[in-house]
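The following report goes through the side-chain contacts, the metal site and the surface of one model. It is meant to be read alongside the sequence and the coordinates.

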Amino acid sequence: MYNSTITEYEDNESQKLTQPETENDKNSIFDQPPKNAPAEQPLIWRNIIGILVLHVIAVYLFVTRYHEAKFWTWIFQIAYGFLTGMGITAGAHRFWAHRSYSAKLPLKIMLTCFYCMAGQTHLTKWIRVHRTHHRYADTSADPHNSNRGFFFSHVGWLMMKHHPAVKKYGKNVNMSDIAADPVIRFFDKYYPPIMLSLSFVIPSLIPVYVWNETWIISIGATIIRYVYILNGTFSVNSFAHLWGTRPYNRNHKAAENRMVAFISAGEGWHNYHHSFPWDYKAAELGLYRLNMTTAFIDFMGWLGLAYNLKSPNSEMIDRFCAKNDIDLLETDSKVDI
Ligand SMILES: [Zn+2]
Ligand SMILES: [Zn+2]
C-alpha cells in the first residue's frame, strides 16, 4: 500500500541481515540438535501454580461475572488488549526478534510499552527464546519443541526448566543487536515495576475511577485480558506447529492456520513465516482482515514512524517453493486472507 516504505528483496541475502551469524554459529553447522532427546527438566512450581491460578480466575470470572461489566469496560479491555497484542506481534516479534522493518525512536518506545502491557517476560528473554525457536524449530533445542505434543508446546514448556539442548545450542543465537539497544536495556532494567503498572495496576484502576466499574469486574477483566493474550501467543507455538496447510515448505512443521491468524492478529501464517521470517507481513497473501499486525505496521509506515518494511518479491517466493519441492500448481492450498 505505502510502497515508498516497502523494500522488496529478490534473494535470501536479506535473511542474513535479520539473524547475523556468530563465529560459534559457523562452526556448528554440522552439530545439529536431535529432534526429541529425553532429558531431565525440573519443574518450576511457581510457574505451574501461577499459570493455573490465573487461568482458573479468568475462566470463572468470564463465565460468572463478565456479563455484568459496563459497556466501557468491554471497549477499554478490547482496545487495551489490541495494543498489548501489537506489543507482542509488531514489537517483540516482527520488529525486535526478526528486524523485519525499521522504527523511529517514538515507535520503538511505544512498542516496548505495549509489550510490557502483556506481562510475559523481559524483552531480551522473549527475543532469545524466539530466535532460538526459529533457528532450531521442532528439535530438542527449540524451547517449545512441538514434537513433544500440544500441551508442552502451548504452555508446558514454561512449567519446567529448559531442555539442556536449548542452553547448549542457544549460544549460537546472535543477540548482540539487542544487547546494544538502549531502549531494551532501559525497559529490561526497570521491567518489574513497568510491567506491573502497565499490565495490571493501571488497567484495573482506570475503569473503577473513570466510569465507576466495580473492583471485582475491573480486576477480573484485567486478568481475563492477560490470559487471552497469553493464549493467543501460545497458540502460535502449538496449534500453528501442529495443524494447518504447508504450501511453502512441506518439510517444516509450521503450518498456515486461519484460526491462529485470527486470535493472534496475523501470526498464524506460520509455514510462510518460518520460510521468510524477515517479511514484515509474516504472510504472503491477502488483506488486513486476518493480519491486523500488518495493518498496524503499514499505518505506522504511513505516519512515517516505520520504514524499510522488508518483503520478498513473488519470484523469490516461487523459487523458494520450487526448491522445497512444492509444485506451484499445488499452492492453491495457500489460504487467501
Ligand atoms: Zn514457529
Ligand atoms: Zn518468528
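In this predicted model, the side chains of Asp181 and Lys108 meet in a salt bridge, with a distance of 3.2 Å from N to O. The pair links distant parts of the chain, since Asp181 lies in the loop between helix H9 (176-179) and helix H10 (182-189), whereas Lys108 belongs to helix H5 (residues 105-118), 73 residues apart. Asp181 has a relative accessibility of 6% and therefore counts as buried, and Lys108 is buried as well, with a relative accessible area of 17%; the cut-off that applies to both is a relative accessible area under 20%.

Side chains of opposite charge can pair when their charged atoms come close. The structure holds 6 salt bridges, and three that are described one by one are set out below.

| Salt bridge | N to O distance |
|---|---|
| Asp181 and Lys108 | 3.2 Å |
| Arg94 and Glu267 | 2.7 Å |
| Lys281 and Asp279 | 3.0 Å |

The salt bridge between the side chains of Arg94 and Glu267, at 2.7 Å from N to O, also spans the sequence: Arg94 lies in helix H4 and Glu267 in the loop between H14 and H15, so the pair ties together parts that are 173 residues apart in sequence. Both Arg94 and Glu267 are buried. In the salt bridge that Lys281 forms with Asp279, the Asp279 partner is buried, with a relative accessible area of 1%. Salt bridges also link Arg99, Arg131 and Asp177 in a network.

Arginine side chains also take part in contacts with aromatic rings. Arg99, a member of the network just described, lies over the face of Phe95, at 5.4 Å from the ring centre. In the case of Arg148, the charged end sits over the ring of Phe152, 3.9 Å from its centre.

The metal site comes next. Which residues are the protein donors of the zinc ion (ligand 2)? They are His93, His98, His130, His134 and His273, each through its NE2 atom, and they lie 2.0 to 2.2 Å from the ion. Along the sequence, these donor residues follow the spacing H-x4-H-x31-H-x3-H-x138-H. His98 lies in the loop between H4 and strand S2 (102-103), and His273 in helix H15 (residues 270-275), so this pair of donors ties together parts that are 175 residues apart in sequence. His98 counts as buried at 1% relative accessibility, and His273 likewise counts as buried at 1% relative accessibility.

Turning to the aromatic side chains, the structure holds 20 aromatic pairs. In one of them, the ring centres of Tyr66 and Trp74 are 4.4 Å apart and the planes stand at 40°, so the pair is tilted. Tyr66 is buried, with a relative accessible area of 7%, whereas Trp74, at 32% relative accessibility, counts as partly exposed. Another pair is formed by Phe150 and Trp243, whose ring centres are 6.0 Å apart and whose planes are at 40°, so that this pair, too, is tilted. Phe150 in helix H7 (residues 150-154) and Trp243 in the loop between helix H13 (239-242) and helix H14 (258-263) are 93 residues apart, and their pairing links distant parts of the chain. Phe150 is partly exposed, with a relative accessible area of 31%, and Trp243 is partly exposed with a value of 45%. Elsewhere, Tyr248, Tyr272, Phe276, Trp278 and Phe320 form one aromatic cluster.

Trp74, already met as the ring partner of Tyr66, also belongs to a nonpolar surface patch. This patch of about 850 Å² is made by Val59, Phe62, Val63, Phe71, Trp72, Trp74, Ile75 and Ile78. Helix H3 (45-64) and helix H4 (71-97) each supply at least two of the patch residues. Which helix gives the most to the nonpolar patch? That helix is H4, with 5 residues. Val59, one of the residues of the patch, lies in helix H3 and, at 52% relative accessibility, counts as exposed, because the limit for that class is a relative accessible area over 50%.

Helix H4 thus appears in more than one part of this account, as it contributes to the nonpolar patch and also carries Arg94, the salt-bridge partner of Glu267.

How values were computed:
Residues are numbered from 1 along each chain as its sequence is written. Chains are lettered from A and ligands numbered from 1 in the order in which they are written. This is a predicted model: local features need pLDDT of at least 70, side-chain atom pairs count only at pLDDT 80 or more; totals for chains, interfaces and linings use all residues. Side-chain values use heavy atoms; hydrogens and water are left out. Patches are made of residues with over 30% relative accessible area and no salt bridge: like charges are joined within 9 Å, nonpolar side chains (Val, Leu, Ile, Met, Phe, Trp, Tyr) within 5 Å. Accessible areas come from the Shrake-Rupley method with a 1.4 Å probe; for residues, only the protein chains shown count as cover. A salt bridge is a side-chain nitrogen of Lys or Arg within 4 Å of a carboxyl oxygen of Asp or Glu. Helices (H or I, at least four residues) and strands (E, at least two) are DSSP runs, numbered from the N terminus. Buried means under 20% relative accessible area, exposed over 50%, partly exposed in between (1.4 Å probe, protein chains only). Donors are N, O and S atoms within 2.8 Å of the metal (3.2 Å for Na, K and Ca); water is not among the atoms, so sites may look incomplete. Rings of Phe, Tyr and Trp (its six-membered ring) pair if their centres lie within 6.5 Å; planes under 30 degrees apart count as stacked, over 60 as edge-to-face and the rest as tilted. A charge sits over a ring if NZ of Lys or CZ of Arg is within 6 Å of the ring centre and within 35 degrees of the ring normal.
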